[in-house]
Amino acid sequence: MRVMVRGVGWVNGAGTGRGRAISFATGGNEGLPKLSSKELFRRPFPRFGRMDSYSRTGLAAIALALKDAGLDEPEGEQNIAVVASTVYGSLSADADYFSTVISDEGRLASPNFFVYALPNTYLGEAAIYFRLTGPGFVCCESSASGLHGLRRGIDGIEREEYEIVLTGVCDVGTPPSIGGTNQISLGALFFVLQGESRTLHQPYGALTQDDMGTTFFENAKVNNLNDLAAICTAKIRIKNEVMRSI
């Protein structure tokens, strides 16, 4: 079965973006940009500024991917699932929370930090704001390729468990209190996937999987999500240039 890529959105050291507006570039281990709810959301989102960095980054990439797919202004409930991958998850928020637990033997433990001490909290925020009714879960991976979550998303569409899936990766690294060097690209990158027969928006192209679980985009092997985003955005640029020349 062919599964279509309908939208792409990201936040990384090179900035923020969505596929139909700008070509994808990765920022590696550079610092992440400051995020503004007014620039990301069409309706007020007061809680956004109070979120931890991991949740803000993931939610921003989801918002940009949905906007790229034309799904960010729901008139009703949307049967969209979210399958996210992460290496570090909410480790920074966990460390911040436990620093308040340690002091005064836990009597001053911060409920504000505790709210975000789970790697899937931002999926719930996305579901509330964008009225998503599909399942949402986070896959903890040993690398930041995001391929496990991508495959799970494709499998769900092939089995008709949901109509549309947001799948991607989110990581903001290890907290300073723990130390160490981040070996992965920091930020978040999400894709909107949909079955071929149901896609109304102009897709970037088709994803397929072989019997061994290897994923391909337009017959080229997908090694990681960053490469997939770069190929998708380059492909849509070419399509648009051809259409303008006709």
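Modeller: A residue is buried when its relative accessible area is under 20%, exposed when that area is over 50%, and partly exposed in between, using a 1.4 Å probe and protein chains only. The structure is a predicted model, in which local features need pLDDT of at least 70 and side-chain atom pairs count only at pLDDT 80 or more, whereas totals for chains, interfaces and linings use all residues. Residues are numbered from 1 along each chain as its sequence is written, and side-chain values use heavy atoms, with hydrogens and water left out.

Colleague: Buried or exposed: which word describes Glu125?

Modeller: The relative accessible area of Glu125 is 8%. The limit for the term is under 20%, so Glu125 is buried.

Colleague: Which residue meets Glu125 in a salt bridge?

Modeller: A salt bridge requires a side-chain nitrogen of Lys or Arg within 4 Å of a carboxyl oxygen of Asp or Glu. For Glu125 the N to O value is 2.7 Å, and the partner is Arg47. Glu125 lies in helix α5 (residues 121-130) and its partner in the loop between α1 and α2, so the pair ties together parts that are 78 residues apart in sequence. The partly exposed partner, with a relative accessible area of 33%, is Arg47.

Colleague: Which residues are linked with Asp68 in a network of salt bridges?

Modeller: One bridge joins Asp68 to Arg18, with the closest N and O atoms 3.4 Å apart. Because Asp68 lies in helix α2 (residues 53-68) and Arg18 in strand β2, this pair ties together parts that are 50 residues apart in sequence. Another bridge of Asp68, with closest N and O atoms 3.2 Å apart, is formed with Arg20. The network therefore links Asp68 with Arg18 and Arg20.

Colleague: Which residues form the covered face of strand β2?

Modeller: Helices (H or I, at least four residues) and strands (E, at least two) are DSSP runs, numbered from the N terminus. In a regular strand, side chains alternate between the two faces of the sheet. In strand β2 (residues 15-18), Thr16 and Arg18 belong to the uncovered face, while the covered face consists of Gly15 and Gly17.

Colleague: How many bridges join β1 to β2?

Modeller: Two strands pair if DSSP finds at least two bridges between them. Strand β1 (residues 3-12) and β2 run antiparallel, and Val11 stands opposite Thr16 in β2. The number of bridges that join β1 to β2 is four.
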